[in-house]
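I opened a fresh page for this structure. I wanted to look up its cysteines and its charged pairs.

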Amino acid sequence: MVEINKKDGGKRPLGIPTVTDRIAQMVVKMTLEPKLEPCFHADSYGYRPGKSALDAVGKVRERCWRYNWVIDLDIKGFFNNLDHDLLKLALQRHNPERWEMFYIDRWLKAPVQQLDGSLAKRSKGTPQGGVISPLLANLYLHYAMDEWMRIKYPNAPFARYADDSVVHCRTEKEAKEILLSLKERLLQCGLELHPEKTKIVYCKDDDRRGDYPVIKFDFLGYTFRNRRSKNRWGKYFVNFSPAVSNSAKKSIRQEMRSWKVHLRSDKSLEDISHMFNPILRGWINYYGKYYKTELYCVFRHFNRTLTRWAMRKYKKLRGRKRRAEYRLGKIAMKQPNLFYHWQIGLKPATGQ
């Protein structure tokens, strides 16, 4: 087991299976997934073939325009609190092979080796980091939440990505009722909603001007809130829509700083492009899908880092920040495809 830092300052334990267990888990996943996949809810997006986090963000975006209220759900320690007996009951409903159940039972009960080398027994949960864990987690929440919501609240659509969920409601009263029922339902399944991170949100915009304390929420790296937008006729209006969250922007800048590009004076600009362009492309393709302009400040920060690199690499540019920026700007004009953010127009100034 290893621990990684969480955004809130806590630690997230990751269970890393051995190589042989990893191969065996993949075999079970490949045989079990085709049986389970047709049963899963259409609005379950996490770790499923043909579905992505951006699909979930897009669906939530559309529904926020039609529904005035949102329940932002956060399950406390989800992967660590799955009830093994309930999970096996859910598996039995899909007629798994005996050898599949044998291996899954073994992985669920396998002790975890701690950082100090000691072994800790487990009576609940499935290790985050295991190949089979996302599939088992989806199955557990399919019966704990998805099917229950479909039957009891068919007029309250939701979107779920692993343990991150958003439920749409028409009124505040309906939202409070569903949240109370969901708390009771999840407690029956051995799960608990995080008391601070779970909240009811009002989708405020030009057409919905009520005054409520919570008018924004985060989902899959995006912050949903009222934003100034332009319609097809060029008129501005306030719209409830997603854009990259502040925490995601902070994480991106921290990652950029860890590269220490300004100290890599032994590398050419082309070398830096080959090293980091795939990562820049991934960030823009994900976080730039909706309200791309919110992402611009992050890549202007990277342009400033490139300016510092140029000042360090070339003697004529040392101590001359503006000249170094203009030099990069001229390179960007000649080679606009060198960096992915240059291709979308985020080039350094040229001084012209």
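These entries cover disulfides first and salt bridges after that.

**Entry: the model**
I noted at the start that this is a predicted model.

**Entry: disulfides**
How many disulfides does a search of the whole structure find? I got zero.

I then looked at single cysteines. Why is cysteine 64 not bonded to cysteine 203? Cysteine 203 holds the closest cysteine sulfur, but that sulfur is 4.1 Å from the one in cysteine 64. A disulfide needs the two sulfur atoms within 2.5 Å, so 4.1 Å is too far for a bond.

Cysteine 169 came next. I found it in no disulfide. Its nearest cysteine sulfur is that of cysteine 203, 9.7 Å away.

Are these cysteines buried or exposed? Cysteine 64 is buried, with a relative accessible area of 0%. Cysteine 169 is also buried, and I wrote down 0% there too.

**Entry: salt bridges**
I searched the whole structure again and got 15 salt bridges. I followed up some of them.

Aspartate 43 pairs with arginine 63. The closest N and O atoms are 2.9 Å apart. Where do the two residues lie? Aspartate 43 is in the loop between α1 (19-36) and α2 (53-66), and arginine 63 is in helix α2. They are 20 residues apart in sequence, so this salt bridge ties together separate parts. I checked exposure as well. Aspartate 43 is buried, at a relative accessible area of 9%. Arginine 63 is buried, also at 9%.

Aspartate 205 forms a salt bridge with arginine 208. Here the closest N and O atoms are 2.8 Å apart. I marked both residues as buried.

Arginine 227 forms a salt bridge with glutamate 294. I read 4.0 Å between the closest N and O atoms. This pair links distant parts of the chain, 67 residues apart. Arginine 227 sits in strand β10 (residues 222-230). Glutamate 294 sits in the loop between α8 (269-287) and α9 (296-313). Arginine 227 is buried, with a relative accessible area of 4%. Glutamate 294 is partly exposed, with 21%.

**Entry: a network**
Which residues do salt bridges with shared partners join into one network? I listed Lys88, Asp105 and Lys109.

**Entry: recap**
My search gave zero disulfides and 15 salt bridges.

Methods
Residues are numbered from 1 along each chain as its sequence is written. This is a predicted model: local features need pLDDT of at least 70, side-chain atom pairs count only at pLDDT 80 or more; totals for chains, interfaces and linings use all residues. Side-chain values use heavy atoms; hydrogens and water are left out. Buried means under 20% relative accessible area, exposed over 50%, partly exposed in between (1.4 Å probe, protein chains only). A salt bridge is a side-chain nitrogen of Lys or Arg within 4 Å of a carboxyl oxygen of Asp or Glu. Helices (H or I, at least four residues) and strands (E, at least two) are DSSP runs, numbered from the N terminus.
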